[in-house]
Amino acid sequence: MGDGNDRAPRRTSIVSSGRRKVHTTFPDGREMVEEYDVRTEDLLVRKTRGKTILGAQQDWQWDVGKPASTAAMPASGIRESPHNPVLVRKDTHDTIEFRIRNLPYPQDVYDVSVDEVSQTIIIRTSNKKYFKRITVPDVQGLRTRDLTWHWGNNTLVMYYRKPADLIANEQKTRAEIARLDSAEHADGNEGRPGPNECKQQ
């Protein structure tokens, strides 16, 4: 019988191409992959996937970053236009950054705000050519005053200031990753995935 820790998430880590890649497996079979810039510790990628009722793996859902582009035709036979607006999220220590590329309208056309009722960031244009709602599931209590933005080079860039509790939780996660790194150094497994695990609270 387990001691209770068998139900804790398991985490492994590897460094490759200037990124620390952290793989977390949850007790219910869900997986999460995060990639951090080794130098800045910025979160560049977070993607998750679960399993279907029959146990098959679902497709990755990207919360931060975006999949690498591929020239292969998707199964649907419809390839997304490279000129469509593309939303990408990136996290730094104290801000969540959203970039929407391929928006050619001038800055005075955009209205960017927080809907504090639906808890979403809303982007709309006065010419009615673009509308977007952005959810931020890891922030509770979105506030307009914590959001700033600017437009340039056909890209709308938004910065949301992280609340103190989110920053504290992320610092805790980085500390757990650092402990995992220390275990890898001690075992001589630096840069290679191994059996070391980091319990996530």
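Start by selecting R89 and D91: both residues are buried. You are looking at a predicted model, and in it R89 and D91 form a salt bridge, with their closest N and O atoms 2.8 Å apart. Keep this pair on screen, as the tour will come back to it.

**Zoom out to the whole chain**

Colour by secondary structure next. The protein has one helix and 12 strands, and along the sequence the pattern runs β-β-β-β-β-β-β-β-β-β-β-β-α. Of its 201 residues, 35% are buried. The exposed surface comes to about 12500 Å², with carbon and sulfur atoms supplying 50% of it. If you display contacts between residues at least 6 apart in sequence, 42% of them join residues at least 24 apart.

Now switch to colouring by confidence. The mean pLDDT is 82, and 80% of the residues reach 70 or more. Select residues 190–201, though, and the pLDDT is below 50; this stretch still has 38 contacts in the model beyond near neighbours in sequence. Where pLDDT is low, the predicted coordinates should not be read in detail.

**Select β3, β4 and β5**

Pick residues 31–37 for β3 and residues 43–49 for β4. These two strands pair in the antiparallel sense over six bridges. To see the register, show E35 and its bridge partner in β4, V45. Then follow the chain around the hairpin: five residues lie between β3 and β4, and E41 in the turn has a positive phi of about 65 degrees.

Add β5, residues 61–64, which pairs with β4 in the antiparallel sense over three bridges. Here T48 has Q61 in β5 as its bridge partner.

How many of the seven residues of β4 are buried? Six are, so the strand is largely enclosed by the rest of the structure.

**Follow the charges from R46**

Stay on β4 and show the side chain of R46. This residue is buried, with a relative accessible area of 14%. Which side chain meets R46 in a salt bridge at 3.7 Å, N to O? The partner is D138, which is partly exposed at a relative accessible area of 23%. D138 sits in the loop between β10 and β11 (147–152) while R46 belongs to β4, so their pairing ties together parts that are 92 residues apart in sequence.

Select E170 and K162 next. They form a salt bridge too, the closest N and O atoms being 2.7 Å apart. E170 is buried, with a relative accessible area of 11%, and K162 also counts as buried, at 5% relative accessibility.

Now bring back R89 and D91 and add E34. Together, E34, R46, R89, D91, D138, K162 and E170 are linked in a network of salt bridges. For the wider picture, a search of the whole structure finds 17 salt bridges.

**Last stop: the sheet of β8, β9 and β10**

Hide the side chains and select β8 (110–115) and β10 (131–135), then add β9, residues 120–125. They make an open sheet of three strands in the order β8-β9-β10, with antiparallel pairing. β8 and β10 stand at the edges with a single partner strand each, so one side of each is left without a neighbour in the sheet. Look along the sheet and you will find a twist that averages 15 degrees from one strand to the next.

To finish, look at β9 and β10, which pair in the antiparallel sense over five bridges. Label I122 and, opposite it in β10, R133.

Methods:
Residues numbered from 1 in each chain as written. Heavy atoms only, no water. Helix = DSSP H or I, 4+ residues; strand = E, 2+ residues; numbered from the N terminus. Buried < 20%, exposed > 50% of the residue type's maximum accessible area, 1.4 Å probe, protein only. Contact = heavy atoms within 4.5 Å. Areas by Shrake-Rupley, 256 points an atom, 1.4 Å probe, with all protein chains shown as cover. pLDDT = per-residue confidence, 0-100. Pairing = 2+ DSSP bridges. Axes fitted to C-alpha atoms, helices over the stretch in contact; angles between N-to-C directions. Salt bridge = Lys/Arg side-chain N within 4 Å of Asp/Glu carboxyl O.
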